[in-house]
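Visitor: I would like a close look at one part of this structure, its main nonpolar core. Could you take me through what builds it and what surrounds it?

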Amino acid sequence: MILILSAADDASVEMVVPHLRERGAEFLWWDPGGYPAESRITSRLTREGWRHILHTGGRTYDTSLFSAVWNRRPSPPRAPESVTDADHRRYVEKTAQILLYGWEDTLDARWFPGRSIDVIRLQNKLLNLAAAARLGFITPDTLVTNDSEELIPFWAEADGELIAKQVEYVPFHIGGEEHVFYTTPVTRRHLTHRHRLGASPVILQPYVEKAIELRITVVGDRVFAAEIHSQGSRTTRYDYRHYERSFSAYGIHRLPEDVERRCLALTASLGLPYGCIDMILTPDGRYVYLEINPTGQWGWIESATGLPISAAIADWLVAAEPGPRPATTMESA
């Protein structure tokens, strides 16, 4: 049986579910966002190790029966509505998250792409940029700092062609509105207000000229490369995520064999069976690595290009499944 950890409205899971059904795979789609409000987990240590029982949706599951876990994009734990005090809710939800991390770490199954703690570590850009450089990828000269005195010298080194990125892609709120920090060119105005850099670290890199951008999705030993024609609009020149569905065209891209091998080597070196790699193809034909996201989105790429990514994910998940077997759930007592 396969366990899918993700929000109930996750469109990417909806794309994979038909492929799982075609393959006759049993699965449970459960969102940890319902724990502990609507689900229960009981763990008991025996001589054989931990035995975990999950109660959700009126049924009971012995989690030792899960052969694979797709750790897609689960919601954070949620306290029961009966817990009304804000401090108490934060305590309950923090405790629940700690328990879930331990539950994941002691659940013996194939994980796609990995346990939550591992995903948090591996998506750190300092770690995966270094891993890519070791494997021979071309990587931009990179400075990560919150020291405002470092900005002007690095801007000068880049001949004024410098871009800034978030250390992590995290939306933030100002006045109740959600904002996203897209990749942004550093202007002289930013230099004037450089003292603001002290509030939060930022990634700085020389701007890399683009012919096209590439979104490369690795699933097991399969590589799916899509090209994004982001340079046809000023709005997507620096970051295709900015209105990409309105202004960018997409296509299937054939990677050189050495670049494809490096993509597979990168995910393998990070212990990942999956990853979304962002790269630039420069006008002079160089493939420049930007980052890898262990839980990156792929549904829009499949919809735009027809690349069979969802089928490949289903193949990976069912690979360890035994043949036809009876239901693995029990009626809740």
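**The core and its surroundings**

Guide: Happy to, and please keep in mind that this is a predicted model. The largest nonpolar core has 27 residues, and those with the most contacts inside it are L20, W70, F112, V219, I309, I313 and L317. The elements that give two or more residues to this core are β1 (2-6), α1 (11-22), β6 (68-73), β15 (222-229), β17 (274-281), α9 (299-305) and α10 (309-318). Of these, α10 gives the most, with seven residues.

W70 is a good place to begin. Not counting residues up to four places away in sequence, W70 touches L3, I4, L5, S12, V13, V16, F112, W298, I313 and L317. Its strand, β6, has five of its six residues buried, so β6 is largely enclosed by the rest of the structure. β6 pairs with β1 in the parallel sense over five bridges, and within that pairing I4 has W70 as its bridge partner. β6 is also joined to strand β7 (residues 110-112), by three bridges, and these two strands run parallel as well. Here W70 stands opposite F112 in β7. I4 and F112, the bridge partners of W70, are thus also among the residues that W70 touches.

Next comes α1. The buried residues of this helix are S12, V13, V16, V17, H19 and L20. They pack against β1, β2 (27-30), β6, α9 and α10. Three of them, S12, V13 and V16, are among the contacts of W70. Both ends of the helix have a detail worth finding on your screen. At the start of α1, a side-chain oxygen of D10 reaches to within 2.9 Å of the backbone nitrogen of S12. Just after α1, G24 takes a positive phi of about 70 degrees.

Let us now turn to the sheet that holds β15 and β17. Five strands form this open sheet, in the order β16-β15-β14-β17-β18, with antiparallel pairing. Its edge strands are β16 (249-252) and β18 (287-293), each of which pairs on one side only. Direction ignored, neighbouring strands of the sheet are turned by 25 degrees against each other on average. α10 packs on the sheet and touches β14 and β15, its direction making about 25 degrees with that of β14. Eight bridges join β14 (residues 212-219) to β17, and the two run antiparallel. In this pair, I212 stands opposite L281 in β17.

I212 also leads to a neighbouring topic, since the core we started from is not the end of the story. That core, with its 27 residues, has W70 touching I313 and L317. Apart from it lies another core, of 23 residues, among them I212, V223, A225 and I277.

From the sheet, β18 takes us on to another helix, α4 (residues 125-134). Its buried residues are K125, N128, L129, A131 and A132. They cover an arc of only 160 degrees around the axis, which puts them on the same side of α4. What covers them includes α3 (116-122), β13 (202-206), α8 (257-269) and β18. The face turned away from the buried side carries the exposed residues L126 and R134. As you did for α1, look at the two ends. At the start of α4, a side-chain oxygen of N124 reaches to within 2.9 Å of the backbone nitrogen of L126. Just after α4, G136 takes a positive phi of about 95 degrees.

One of the elements covering α4 is β13, and this strand belongs to an open sheet of four strands. The order there is β8-β13-β9-β12, and the pairing is antiparallel. β8 (143-145) and β12 (184-185) are the edge strands, each pairing on one side only. Four bridges join β9 (residues 162-165) to β13 in the antiparallel sense, with L204 in β13 as the bridge partner of A164.

Finally, go back to β2, one of the elements that the buried residues of α1 pack against. The loop between β2 and β3 (40-46) contains S39. S39 is buried, with a relative accessible area of 3%. Its side chain makes a polar contact with the side chain of T56 (3.1 Å). Not counting residues up to four places away in sequence, S39 touches W30, G34, L54, H55 and T56.

Note on methods
Residues are numbered from 1 along each chain as its sequence is written. This is a predicted model: local features need pLDDT of at least 70, side-chain atom pairs count only at pLDDT 80 or more; totals for chains, interfaces and linings use all residues. Side-chain values use heavy atoms; hydrogens and water are left out. A nonpolar core is a set of buried Ala, Val, Leu, Ile, Met, Phe, Trp, Tyr and Cys residues joined through side-chain atoms within 4.5 Å. Buried means under 20% relative accessible area, exposed over 50%, partly exposed in between (1.4 Å probe, protein chains only). Contact means heavy atoms within 4.5 Å. Two strands pair if DSSP finds at least two bridges between them. Axes are lines fitted to C-alpha atoms, for helices over the stretch in contact, and angles run from 0 to 180 degrees between N-to-C directions. A polar contact is a pair of N or O atoms within 3.5 Å; within protein, one must be able to donate a hydrogen and the other to accept it, and residues adjacent in sequence count only if both atoms are side-chain atoms. The arc is that of the directions from the helix axis to the C-beta atoms.
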